[in-house]
Amino acid sequence: MTRFSLSDSIAFDDWQFEQQESLRRRFIRSLRYVVDHYTEQREWETALGYARRWLAVDDLDEHAYRVLMKLYAKTD
């Protein structure tokens, strides 16, 4: 839906934005779940890859940075 819009339809633009944000939040929640799962399994490298993806999607999430730093410490 990127770059798609209906001319003179603010309601559609608002709906589209809300849908994108909802999907983005769900994706981030899923990434957090996967990172937690691989961390519990002590699969540090796999968890690290997903944590990097998490930060690529949400680079302002301080929790993601903390998780990433802990995973880097585990892989040394």
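**View 1. The largest nonpolar core of this predicted model.** Thirteen is the head count here: the core has 13 residues, and Val35, Ala51, Trp54, Val67, Leu68 and Leu71 are the ones with the most contacts inside it. Three helices chip in with at least two residues each: H1 (10-40), H2 (44-57) and H3 (62-75). Of these, H2 gives the most, with 6 residues. Zoom in on Val67 and you'll find Val35 and Trp54 touching it, once residues up to four places away in sequence are set aside. As a general backdrop, nonpolar side chains in soluble globular proteins tend to be buried together.

**View 2. Helix H3 and its buried side.** Start with a quick sanity check on the geometry: with 14 residues at 1.5 Å each, H3 should span 20 Å, and its end C-alpha atoms are indeed 20 Å apart, so the two agree. The buried residues in this helix are Ala64, Val67, Leu68 and Leu71. They sit on the same side of H3, because they cover an arc of only 100° around the axis. Helical periodicity is worth keeping in mind: an α-helix has 3.6 residues a turn, so residues three or four places apart point the same way. What lies over the buried residues of H3 includes H1 and H2.

**View 3. The other face of H3, and where the helix starts.** Turn to the face pointing away from the buried side and you meet the exposed residues Glu62, Met69, Lys70 and Ala73. At the start of H3, look for Asp61: one of its side-chain oxygens comes to within 2.9 Å of the backbone nitrogen of His63.

**View 4. A salt-bridge network through Arg24.** The count of salt bridges is 2, and Glu21, Arg24 and Asp58 are linked by them in a network. One bridge joins the side chains of Glu21 and Arg24, at 3.6 Å from N to O. This pair stays within helix H1, with the partners 3 residues apart, or about one turn of the helix. Glu21 has a relative accessible area of 22%, so it counts as partly exposed, and Arg24 gets the label partly exposed at 28%.

**View 5. The bridge from Asp58 to Arg24.** Here the side chains of Asp58 and Arg24 meet in a salt bridge, again listed at 3.6 Å from N to O. Asp58 belongs to the loop between H2 and H3 while Arg24 is in helix H1, so this pair ties together parts that are 34 residues apart in sequence. If you're wondering about the label on Asp58, its relative accessible area is 17%, and the cut-off for buried is under 20%, so it counts as buried.

**View 6. Thr75 and its surroundings.** Thr75 is found in helix H3, and its relative accessibility of 26% is why it counts as partly exposed. Skip its neighbours within four places in sequence, and the residues in contact with Thr75 are Trp44, Glu45 and Leu48. Closer along the chain, the Thr75 side chain reaches the backbone oxygen of Tyr72 at 3.0 Å. For a sense of scale, Leu60 is 15 residues from Thr75 along the chain, and their C-alpha atoms are separated by 23 Å.

Key. Residues numbered from 1 in each chain as written. Predicted model: local features only at pLDDT ≥ 70, side-chain atom pairs only at ≥ 80, totals over all residues. Heavy atoms only, no water. Core = buried A, V, L, I, M, F, W, Y, C linked by side-chain atoms within 4.5 Å. Buried < 20%, exposed > 50% of the residue type's maximum accessible area, 1.4 Å probe, protein only. Helix = DSSP H or I, 4+ residues; strand = E, 2+ residues; numbered from the N terminus. Contact = heavy atoms within 4.5 Å. Expected span 1.5 Å × (residues − 1). Arc of directions from axis to C-beta. Polar contact = N/O pair within 3.5 Å; in protein donor to acceptor, adjacent residues only side chain to side chain. Salt bridge = Lys/Arg side-chain N within 4 Å of Asp/Glu carboxyl O.
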